[in-house]
Amino acid sequence: MKDYQKQLEKLRTDAAECRLISDLATDPAKRDLFDRLALHLTTLADQVEEALLHRKPTGA
């Protein structure tokens, strides 16, 4: 479970970094690219988090 949490945190960190790059970019194409990357990574993180919340526990 900790591995999933670590990966979730990485996705959120990467999304935040892409958002920052997008905000700082002066080139409109790069701004758009990093904005789309931030959105995509945020969506992935949301989906991972949702899957973790609804996963069935394994018989350990």
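Student: Why is Thr-43 called partly exposed?

Tutor: This is a predicted model, so every value here is computed from it. Thr-43 has a relative accessible area of 35%. Buried needs under 20% and exposed needs over 50%. The value for Thr-43 falls in between, so Thr-43 is partly exposed.

Student: Where does Thr-43 lie, and how far is Thr-43 from Arg-55 in space?

Tutor: Thr-43 lies in helix 2. Its C-alpha is 18 Å from that of Arg-55, with the two positions twelve residues apart in sequence numbering.

Student: What makes Ser-22 buried rather than partly exposed?

Tutor: The relative accessible area of Ser-22 is 4%. The cut-off for buried is under 20%. Ser-22 meets it, so Ser-22 counts as buried.

Student: Which residues does Ser-22 touch, not counting those up to four places away in sequence?

Tutor: Arg-31, Phe-34 and Asp-35. Ser-22 itself lies in helix 1.

Student: Why does Glu-17 count as partly exposed?

Tutor: Glu-17 is also a helix 1 residue. Its relative accessibility is 44%. That is not under 20% and not over 50%, so the label is partly exposed. From Glu-17 to Phe-34, the C-alpha separation is 9.0 Å, across 17 residues of chain.

Student: And what makes Val-48 partly exposed?

Tutor: Its relative accessibility is 29%. Exposed would need over 50%, and buried would need under 20%, so Val-48 is partly exposed. Val-48 sits in helix 2.

Student: Which residues is Val-48 in contact with, leaving aside neighbours within four places in sequence?

Tutor: Leu-8 and Leu-11. Both of these leucines are buried in helix 1. Leu-20 is another matter: its C-alpha and that of Val-48 are separated by 22 Å.

Student: Which residues are buried in each helix?

Tutor: In helix 1 they are Leu-8, Leu-11, Ala-15, Cys-18 and Ser-22. In helix 2 they are Ala-38, Leu-41, Ala-45 and Leu-52.

Student: What do the buried residues of helix 1 pack against?

Tutor: They pack against helix 2, residues 28–53. The buried residues of helix 2 pack against helix 1 in turn.

Student: Why is helix 1 called roughly antiparallel to helix 2?

Tutor: Look at the axes. They cross at roughly 160° and come within 8 Å. Angles over 145 degrees count as roughly antiparallel, so helix 1 and helix 2 get that label. The handedness is a separate matter: helix 1 passes helix 2 in a left-handed crossing.

Student: How do you know what span to expect for helix 1?

Tutor: Use 1.5 Å a residue. Helix 1 covers residues 2–24, which is 23 residues. The expected span is 33 Å, and helix 1 reaches 33 Å from first C-alpha to last.

Student: What span does helix 2 reach, and what is expected?

Tutor: Helix 2 has 26 residues. It reaches 37 Å, close to the expected 38 Å.

Student: What caps the N-terminal end of helix 2?

Tutor: Asp-27 does. One of its side-chain oxygens lies 2.7 Å from the backbone nitrogen of Ala-29. The limit for a polar contact is 3.5 Å, so this pair of atoms is within it.

Methods: Residues are numbered from 1 along each chain as its sequence is written. This is a predicted model: local features need pLDDT of at least 70, side-chain atom pairs count only at pLDDT 80 or more; totals for chains, interfaces and linings use all residues. Side-chain values use heavy atoms; hydrogens and water are left out. Helices (H or I, at least four residues) and strands (E, at least two) are DSSP runs, numbered from the N terminus. The expected span of a helix is 1.5 Å times one less than its number of residues. Buried means under 20% relative accessible area, exposed over 50%, partly exposed in between (1.4 Å probe, protein chains only). Contact means heavy atoms within 4.5 Å. A polar contact is a pair of N or O atoms within 3.5 Å; within protein, one must be able to donate a hydrogen and the other to accept it, and residues adjacent in sequence count only if both atoms are side-chain atoms. Axes are lines fitted to C-alpha atoms, for helices over the stretch in contact, and angles run from 0 to 180 degrees between N-to-C directions. Angles under 35 degrees count as roughly parallel, over 145 as roughly antiparallel, 65 to 115 as roughly perpendicular and the rest as oblique. A crossing is left-handed if the near helix is turned anticlockwise from the far one by less than a right angle, and right-handed if clockwise.
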